[in-house]
Amino acid sequence: MSTPRTIAPPSADVARAARHRVSTLAKPTGALGRLEDLGVWWSACAGVCPAPPPARVRAVVLAGDHGVTVGGSGVSAYPREVTAAMVGAFVAGVAGVSVLARQHDVSVRVLDLGVDADLAGLPAAVGAYKIRRSSGAIDREDALTPADTERALAAGAAIAAEEIAAGADLLILGDMGIGNTTPAASLIAATFAVPAAEVTGRGTGIDDDALTAKTALIQRALDRTAGRTAEPVARLTALGSADLAAGVGFLVAAARAGVPVLLDGVVALAEASVAEDLAPGCVAWWAAGHRSTEPAQQLAVDKLGLVPLLDLGLRLGEGSGAVAAVPLVRSAALLLSDMALLSDLA
Ligand SMILES: Cc1cc2ncn([C@H]3O[C@H](COP(=O)(O)O)[C@@H](O)[C@H]3O)c2cc1C
Ligand SMILES: O=C(O)c1cccnc1
C-alpha cells in the first residue's frame with residue numbers, strides 16, 4: 001500500500017482544550033497575544049495540554065552549492081568557496097546559529113548534500129548523505145536529475161527519522177550554500193505562480209545592478225521550465241538543488257511522524273512551500289520562527305497562512321531565526337502549564 005499523501009493534523013481535541021485553558025488563565029482575555037496561539041499549537045502538536053516545553057530541540061543544517069554561482073554570475077555577494085568553509089564552522093561550533101543554539105540548548109548537525117568540494121578533513125558523518133557536487137545552473141539547465149531528486153528526498157526523510165529517533169521534540173531546518181536564495185526564490189515563485197520581480201531579494205547583500213541581474217536570471221529559470229513545474233517533485237528537479245530537495249523530504253517526514261518544526265528563512269520557506277504541495281497538511285505542524293528580509297520568504301509565509309514570531313531584520317539563514325524563537329515556544333508552553341487560573345484567585 002502506498003503512503004497516503006495527506007498529513008494527519010495535530011490533535012483538534014487537545015487544541016480545543018488548550019484554547020479553553022488559555023481563556024481561563026489569570027489574565028485579561030487575549031492579553032498574551034500570539035503566545036496564546038503558540039501555546040495552543042505546541043499543545044496540539046504534543047497531543048497533551050498542558051504540554052511540557054520543548055526539551056530536545058534539534059537543528060539540522062543542510063549544505064550545498066548552486067550552479068547559478070559559477071562564472072561570476074553575481075547572484076551572491078560572496079564566492080562559492082564560503083560554503084565549504086562554513087561547513088567547517090558548523091562542525092567547530094562557531095557559526096552564527098551555533099552560538100544561538102548553545103545559548104538555547106539546541107543541537108546543531110550539519111550535513112553536506114551538495115557542496116562543490118571534497119570535505120575529507122571533516123568527520124565522515126558530514127558527508128553521509130551527499131548526493132552530488134553542486135546543482136545545475138537553473139537558468140540554463142535542470143538543477144538535478146530526477147534520480148538525484150528522489151535520492152535527496154529520501155535522504156532528507158532519513159535524516160529527519162534519525163533526529164526523531166534521537167528524541168527530538170521540536171526540529172529546525174537550517175541552510176548553508178552560497179547562492180541558495182536564488183533557487184529558493186525560484187521555487188517559491190513557481191509554487192505560487194508569481195513573477196521573479198515579486199520574489200527576488202538581496203540575499204547576502206547584493207547591490208542594485210546585481211539585484212536586476214538576479215531577477216532576470218530567476219525569470220529566465222521560470223520561463224525555461226514553464227509548463228513542467230506544476231508537480232512538486234518535478235519542480236525540485238527543474239529549479240531546486242540536492243540540499244533543498246532533502247529539506248522537502250525532511251519536512252514531510254517530520255510532519256508524517258507528528259514532530260513539529262520551527263521554520264527559518266527563505267530556504268526553509270521554499271522547502272516548506274514545496275513540501276505542503278507534496279503532502280498537504282504539513283503546514284499544521286509548523287510555526288514560522290521569524291520574518292526574513294527576503295521578499296520570497298515573506299510571500300511564502302503569507303501564502304502558507306503562518307505568522308512569524310520574530311521580526312528582527314535577520315537575513316542569515318542557517319536556521320538562526322528559528323533557533324532565536326525557541327525561547328518563545330518554551331515560554332508559551334510554561335504559561336499554559338504554570339499560570340494560575342482566574343478562578344483560583346481568592
Ligand atoms: C559567511 C557567510 C555565512 C552564512 N551563513 C548563512 N549564509 C546565507 O547566505 C547564503 C545565501 O545568500 P546568497 O544567495 O546571497 O548567497 C547562504 O549560504 C545562506 O545560508 C551565509 C553567507 C555567508 C557569506
Ligand atoms: O532568509 C534567509 O534565511 C536568508 C537571507 C539572506 C541570505 N541567506 C538567508
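**Burial, contacts and backbone angles**

Reader: Which residues does Gly 249 touch, not counting those up to four places away in sequence?

Author: Gly 249 touches Ala 152, Leu 153, Ala 154, Ala 155, Gly 156 and Ala 157, with residues up to four places away in sequence not counted. The model is predicted. A contact here requires C-beta atoms within 7 Å.

Reader: Why is Gly 249 called buried?

Author: There are 25 other C-beta atoms within 10 Å of Gly 249. The cut-off is 20 or more, so Gly 249 counts as buried. Gly 249 is placed in helix 9, and 38 Å separates its C-alpha atom from that of Met 339, 90 residues apart along the chain.

Reader: What makes Gln 219 partly exposed?

Author: Gln 219 has 18 other C-beta atoms within 10 Å. Buried needs 20 or more and exposed needs 12 or fewer, so Gln 219 falls in between and is partly exposed. It is found in helix 7 (residues 208-225). Leaving aside neighbours within four places in sequence, Gln 219 is in contact with Pro 195 and Ala 196. The C-alpha atoms of Gln 219 and Leu 171 are 33 Å from each other, with these positions 48 residues apart along the chain.

Reader: How do you know that helix 8 is largely enclosed by the rest of the structure?

Author: Six of the eight residues of helix 8 (residues 232-239) are buried, so it is largely enclosed. The buried residues are Pro 232, Arg 235, Leu 236, Thr 237, Ala 238 and Leu 239. They pack against helix 5 (146-165), helix 6, helix 7, helix 9 and helix 10 (266-278).

Reader: What puts the buried residues of helix 4 on the same side?

Author: In helix 4 (residues 96-103), the buried residues are Val 97, Ser 98, Leu 100 and Ala 101. They cover an arc of only 165° around the axis, so they lie on the same side of helix 4. An α-helix has 3.6 residues a turn, so residues three or four places apart point the same way. What covers these buried residues includes strand 1 (57-64), helix 3, strand 2 (106-114), strand 3 and helix 12 (320-338).

Reader: Why is Asp 105 called exposed?

Author: Asp 105 has 12 C-beta neighbours inside 10 Å. The limit is 12 or fewer, so Asp 105 counts as exposed. It lies in the loop between helix 4 and strand 2. Its phi is near 60°, a positive value in a residue other than glycine.

Reader: What makes Glu 318 count as buried?

Author: Glu 318 has 29 C-beta neighbours inside 10 Å. Buried begins at 20, so Glu 318 counts as buried. Glu 318 is in the loop between helix 11 (295-303) and helix 12. It has a positive phi of about 65° although it is not a glycine. Most residues other than glycine have a negative phi, and most peptide bonds are trans.

Reader: Which residues does a cis peptide bond join?

Author: Cys 49 and Pro 50 are joined by a cis peptide bond, with omega about -5°. Pro 50 sits in the loop between helix 2 (33-46) and strand 1.

Reader: How many residues does the largest nonpolar core have?

Author: It has 113 residues, and those with the most contacts inside it are Ile 188 and Leu 251. Helix 9 (residues 242-256) gives the largest share of this core, 11 residues. Not counting residues up to four places away in sequence, Leu 251 touches Leu 173, Val 261, Glu 271, Ala 272, Ala 275 and Cys 282. In soluble globular proteins, nonpolar side chains tend to be buried together.

Reader: How do you know how compact the chain is?

Author: The secondary structure comes to 12 helices and five strands. The radius of gyration is 20 Å, close to the 20 Å that the globule rule gives for 346 residues, so the chain is as compact as a globular protein of that length. Of the 346 residues, 54% count as buried. Along the principal axes, the C-alpha trace spans about 70 × 50 × 40 Å. Among contacts with a separation of 6 or more, 77% are between residues 24 or more positions apart.

Reader: Which residues come nearest to ligand 1, and which to ligand 2?

Author: Of the 18 residues around ligand 1, the nearest are Ser 76, Thr 181, Gly 203, Thr 204 and Gly 317. Helix 3 (81-92), strand 3 (170-176) and helix 6 (181-192) are the elements that give two or more residues to that shell. By class, the shell around ligand 1 has seven nonpolar, nine polar and two charged residues. Of the 13 residues around ligand 2, the nearest are Gly 265, Val 266, Ser 292, Arg 315 and Gly 317. The shell around ligand 2 has three nonpolar, seven polar and three charged residues.

Key
Residues are numbered from 1 along each chain as its sequence is written. Chains are lettered from A and ligands numbered from 1 in the order in which they are written. This is a predicted model: local features need pLDDT of at least 70, side-chain atom pairs count only at pLDDT 80 or more; totals for chains, interfaces and linings use all residues. A residue is near a molecule or strand if its C-beta atom, placed from the backbone, lies within 6 Å of it. Helices (H or I, at least four residues) and strands (E, at least two) are DSSP runs, numbered from the N terminus. Ala, Val, Leu, Ile, Met, Phe, Trp, Tyr, Cys and Pro count as nonpolar, Asp, Glu, Lys and Arg as charged, and the others, Gly among them, as polar. The arc is that of the directions from the helix axis to the C-beta atoms. Two residues are in contact if their C-beta atoms, placed from the backbone, lie within 7 Å. A nonpolar core is a set of buried Ala, Val, Leu, Ile, Met, Phe, Trp, Tyr and Cys residues joined through C-beta atoms within 7 Å. The radius of gyration is taken over C-alpha atoms; the globule rule is 2.2 Å times the number of residues to the power 0.38.
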